[in-house]
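Biologist: I am new to this structure. Please take me through the surroundings of the ligand, piece by piece, and then turn to a pocket.

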Amino acid sequence: MVNKVNSRLFSQAQKVIPGGVNSPVRAFKAVGAKPIFIEKAKGQYLYDADANKYIDYCLSWGPMILGHARREVLDEVRKVMAKGTSFGIPTKLETQLAKMIVQAIASVEKVRLVSSGTEAVMTAIRLARGCTGRDKVIKFIGCYHGHVDYMLVQAGSGAMTFGAPSSPGVPKDFTKHTILLPYNDPGTLKKAFDKYAGKIAAVIVEPVAGNMGVVPPEKGFLKALRKMCTKNGSVLIFDEVITGFRVRYGSVQKLFGVKADLTCLGKIIGGGFPIGACGGKASLMDNLAPQGKVYQAGTLSGNPVCVAAGIATLKLLKAQNPYPSLELAAQRLCGGISEALAERRVEHTINRVASMFTLFFNPGPVTDYTSAARSDTARYAGYFTAMLKAGIYLPPSQFEACFVSTQHTRKDLSKTVNAVRKIVF
Ligand SMILES: *Cc1c(COP(=O)(O)O)cnc(C)c1O
């Protein structure tokens, strides 16, 4: 692997962009490496500035489920783009994408489009607070919901804590209404609802956690959330920015037999363009301005180019239903990796839900943030670097999800497993 141009580009970027990147994890700091700079991508492959080619299992953090530069998506984008790229006035495309989302997710009757997952979460939480007249929000440790102030919280000591800001620049006053609980632990949930009776506006959760590495919900966890929210008049928010249209066409709610009050979407529904969405029952959603009093807005919300890419992506996913084969590919890949590591007696756990998975260097089980954090991150760094050298791009952090796209072939999967076999741990 040549790294000459990549290195030069990184030096140049660092001079004019903080840390040389526009989102922190891209700097490869968590794996003690320097970032590669991407020149182009096609299908399952990335090509960097030094002309190295990689099999991509990060897929822009999830959106590129159909692979990069998918012809059908690009054709739609080009067609729409030629007619103008932003109007700040409604287009019928927005209704079309909203309709597709409403048809795909039973708990969503109306949906507001925004420009990022962070904004989708901001919208959901303001709406929940506005509708309940309450301030407190329960969040689970290890779940990520974007970079908005009151979600950038870290746990103090003890099982149930108020969030302390996890970043300078976030006033304590802004996180004092965020209650942090461990994932997969319904016992603490009941305690929190008892302690803050009548004060909890919402519970927000990644129904399959993807941002502490993949952690599936244990049996009964999501149902317990549903039950407590219903009983206490709190809004249950599923942050499905990753899982929406990734695990199946639509939401994981059907899979787990639990309906959320509000669903946040992003990533896949933009087909590689910036987008987010917040949806739910009409009676809730109609509280958003201009119908209701809860304010929310965006200059580029519902941007026609992003929406066109989203529509084209969802159309293909619906028509081709690639989900069973995506799952099979991920299953095969995880099985192969696990076998290769077991042969070498490398302690590990692989958590997988459909086509999203994480290899933890940790004997497991990994069921929450505490157990995920026991992983050997130095070993992950070595693994990441060795795989990169072998032409395989993984997320540059232990605590992220890997994804499979419809374009990954059996040959790609075998090549990946063979690369794991050759790593010197
Ligand atoms: C990516 C992500 C977000 C934030 O979305 P952005 O588009 O990066 O703002 C929110 N929630 C979850 C679960 C995510 O994975």
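Modeller: Here is the ligand site, followed by the second largest pocket. Keep in mind that this is a predicted model.

Start with the residues around the ligand. One stretch of the shell is Ser116, Gly117 and Thr118. Another is Tyr144, His145 and Gly146. Glu206 and Asn211 also belong to the surroundings. So do Asp239, Val241, Ile242 and Lys267. By class, three of the shell residues are nonpolar, six are polar and three are charged.

Now look at individual atoms. Lys267 places a polar side-chain atom 2.6 Å from an oxygen atom of the ligand. Asp239 faces a nitrogen atom of the ligand instead, with a polar side-chain atom at 2.7 Å. Tyr144 takes part through its backbone: a polar atom there is 3.3 Å from a ligand nitrogen. How much of the ligand does the protein cover? On its own, the ligand has 380 Å² of accessible area, and the protein covers 83% of that.

Next comes the second largest pocket. Its space amounts to about 610 Å³. The lining counts 28 residues. Nearest the pocket's centre are Glu94, Val111, Arg112, Leu113 and Ser301. Two elements each give two or more residues to this lining: helix H3 (92–104) and strand S4 (110–114). Which element gives the most? That is S4, with four residues. By class, the lining of this pocket has 13 nonpolar residues, 11 polar ones and four charged ones.

Key: Residues numbered from 1 in each chain as written. Predicted model: local features only at pLDDT ≥ 70, side-chain atom pairs only at ≥ 80, totals over all residues. Heavy atoms only, no water. Near = heavy atom within 4 Å. Polar contact = N/O pair within 3.5 Å; in protein donor to acceptor, adjacent residues only side chain to side chain. Areas by Shrake-Rupley, 256 points an atom, 1.4 Å probe, with all protein chains shown as cover. Nonpolar A, V, L, I, M, F, W, Y, C, P; charged D, E, K, R; others polar. 1 Å grid on protein atoms, 1.4 Å probe; cavity = no way out; pocket = protein on both sides within 12 Å on 5 of 7 lines; lining within 4 Å. Points joined across faces, edges and corners; volume = space filled by probe spheres on them.
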